[in-house]
Amino acid sequence: MTFYLVLSLFLVLVGHAFRLLRWEQFIRIYERPLRGQMLRGMAGGYALNFVLPFHLGDVFRAVFTGRRMKSGIGFALATVIMDRFLDVWFVALGFGAFWALGQGGAAVLGAAQYYLVFSLVLALGLVLVVALRDLLKKGCLAFCGLFNDTLKLDGMMFFWSLINTFKDLGRIKIGRLVVNTVLMWAAYLGSYTALAAALTAAGQPMALVDVFDLLFGRNAADLSALLPGGAMGAAAPAARILLLCWFALPLLAMWLVTLLPEKVRGAVNQATQAAPAGESYLNLLPQADPQDRAAFLSQYFGLQNKEWVKGFLKMNQGITILQDYSAGSNATTMLCMDAEKTFYRKYAFGADGDKLAEQLAWLRVQQDRLPLCDILQSSTEDGCCWYDMVYDPQAVGLFRYLHSNPVEKSTAILREVLDTLEEKLYRPTARPADMEKIEQYIDKKVDANLQKLRDARSLRELMAADTIWVNGVEYKNLHQLAWLFDRERLKTLFAADPVGTIHGDLTIENIICRLNPGANGGWYLIDPNTGNLHESPFLDYGKLLQSLHGSYEFMMKTPRVTVQGSRIDFALTRSAAYDALYRALMADLQSRYPAAQVESILMHEVIHWLRLMPYKLAKDRKRAPMFYAGLVMVANDVANFAKGENVC
């Protein structure tokens, strides 16, 4: 009896070891399995399954292990479900085999029928999940939406994990999965056979089929089986003690293994390593921020923009997204990391992807002329364009630099930027102004955007007023400044503009300053914008004025605006450093160009605000009146300058 008991204990431990190896195959796609925690979770789960009904121990296994995993409890529960899902098929096959061999009588026949129906229901469930996946996704979102934000995210993460655990079976080495499963069940069946022999020797005659039915039959064994009235309630005390030992001792051994010295456990882990030590993992979700995860999962389960979701995952699942730095464009910029480095990734899809591809081409063409961001890698395929830029923790946007350093340093950098652009980009690419391009520029950037403002329902009342009040100050409304946008006036004004290759989006935030300048210089440029039609350096100056004159960056940081009739109120802040840099820029421009050309530069600033408005109306409707106020304030200043007044 002792020999058979020891053999059964050894074989069940072997079976548990192969179960561990099989379970970790599902985890290894996304993260390195923590075998010690998994062993403890398995031991605790089996122990609870022995004393509690409905396999509640499997929930403990998922929670215990998931709390220590990068991907969380929802993912751990999904992998446990997959593990048990595979077991159902083998148990059904086992009962079917016993029934076909004529063993076990009515009990085995009933169990075989039960598991056959259960297996068919699971198979039908898989078919329905595939066929009705969109409806089920919406159902998942509706169900999770019943709870608070934290529980909603946890629920969506669980369903997301479950979907991906099944979907990513193709990433698992199926041959290894089959081997682990076959060896696991071979060890278990060997243990059950030895246990049957031990129980027989202890006075409770049993065969393999009886043990199999005892463990997996419709009245599967737990602690109640050993109590009076249970399946083993009338057995000899020695048999009941033997069965209790068979349940408990392997679990104790599994727990004790995790307490071995670290060197021993490390040697065991290396000896049973299922993949190379340098392997890489996908992210279950690339976003590190919970709010970003919740927003993405709401899009996914809400079936919003399915092609975008598919492209986003294909592009980003191998990285971790630390922070979204996107601003006023349809392209997304994120701070990311992989196993080796931290970097910025910028991407866009569809027509916006085509626009980003033009930006990427501009950066590559001009990289020998100007200090530009270093491109690590890029891709333009499947309707998506993305590229990665070097991350330098000692490099910050000019906005931040200006407010953390003496303004003289920022002034010197800005002057150097303008001199460099003039000498290395504007002059070498200079060409005569093209009146046809100017007319197209006026058509698309001025007239078309003014019409979009007139058509915007949310601005209708504001635009109808003769004057508007912005934070208590009265300004003439746009239709009172119609002469400013007169087509013939603009054609005459822009005909004298210099023309050449330009950056196109020379905002304060797109000038990156190095805190510790070295051989690479003190600054570089990012995010050019192509397709401006009238490619004049004055558009670049106008962008700088949109920042320094119009306070664009401060508006972007202002969360709320209130509108009452013709009154617009918002907490607009503006720093003394901005004022100083603005005065320096205007002085520089007025020293370079005659008054008529400075007026043209200021008018291009107005047009930049016009170009911004349709985007704000579409993407940021609640704050759009604030940006309309910015447009009106700038237009009033430019009108005053055109009349001979100084806007400084």
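A surface patch here is made of residues with over 30% relative accessible area and no salt bridge, with nonpolar side chains joined within 5 Å. Keep that in mind, because I will come back to one such patch. The structure is a predicted model.

Overall dimensions first. The protein chain has 648 residues, and 49% of them count as buried. There are 24 helices and twelve strands. The C-alpha trace spans about 110 × 55 × 40 Å along its principal axes. The radius of gyration is 35 Å, where a compact globule of 648 residues would have one near 26 Å. Among contacts with a separation of 6 or more, 71% are between residues 24 or more positions apart. The chain exposes about 30300 Å², and 59% of that comes from carbon and sulfur atoms.

Now the patch. Val-51, Leu-52, Phe-54, Leu-56, Val-59, Val-63 and Ile-73 make up a nonpolar patch on the surface, with about 600 Å² of accessible area together. Take Leu-52, which sits in the loop between α2, residues 35-51, and α3, residues 57-66. Leu-52 counts as partly exposed because its relative accessibility is 34%, and the cut-offs for that class are 20% and 50%.

Next, a helix with buried residues. In α13, residues 306-316, the buried ones are Val-309, Gly-311, Phe-312, Leu-313, Met-315 and Asn-316. What do the buried residues of α13 pack against? Two helices, α7 (149-167) and α12 (290-301), and the strands β1 (320-324), β2 (332-337), β3 (342-349) and β5 (384-390).

Cysteines. A disulfide is a covalent bond between the sulfur atoms of two cysteines. With sulfur atoms required to lie within 2.5 Å, the count is zero disulfides. Cys-140, for one, is in no disulfide: its nearest cysteine sulfur belongs to Cys-144, 6.4 Å away. Is Cys-140 buried or exposed? Cys-140 is buried, because its relative accessibility is 15%. Cys-245, at 27%, counts as partly exposed.

Last, Ala-464. This residue is in helix α18, residues 460-464. Ala-464 is exposed, because its relative accessible area is 59% and the cut-off is 50%. Apart from neighbours within four places in sequence, Ala-464 is in contact with Asn-477 and His-479. How far apart in space are Ala-464 and Glu-24? They are 66 Å apart, C-alpha to C-alpha, with their positions 440 residues apart in sequence.

Key:
Residues are numbered from 1 along each chain as its sequence is written. This is a predicted model: local features need pLDDT of at least 70, side-chain atom pairs count only at pLDDT 80 or more; totals for chains, interfaces and linings use all residues. Side-chain values use heavy atoms; hydrogens and water are left out. Patches are made of residues with over 30% relative accessible area and no salt bridge: like charges are joined within 9 Å, nonpolar side chains (Val, Leu, Ile, Met, Phe, Trp, Tyr) within 5 Å. Accessible areas come from the Shrake-Rupley method with a 1.4 Å probe; for residues, only the protein chains shown count as cover. A salt bridge is a side-chain nitrogen of Lys or Arg within 4 Å of a carboxyl oxygen of Asp or Glu. Helices (H or I, at least four residues) and strands (E, at least two) are DSSP runs, numbered from the N terminus. Buried means under 20% relative accessible area, exposed over 50%, partly exposed in between (1.4 Å probe, protein chains only). The radius of gyration is taken over C-alpha atoms; the globule rule is 2.2 Å times the number of residues to the power 0.38. Contact means heavy atoms within 4.5 Å.
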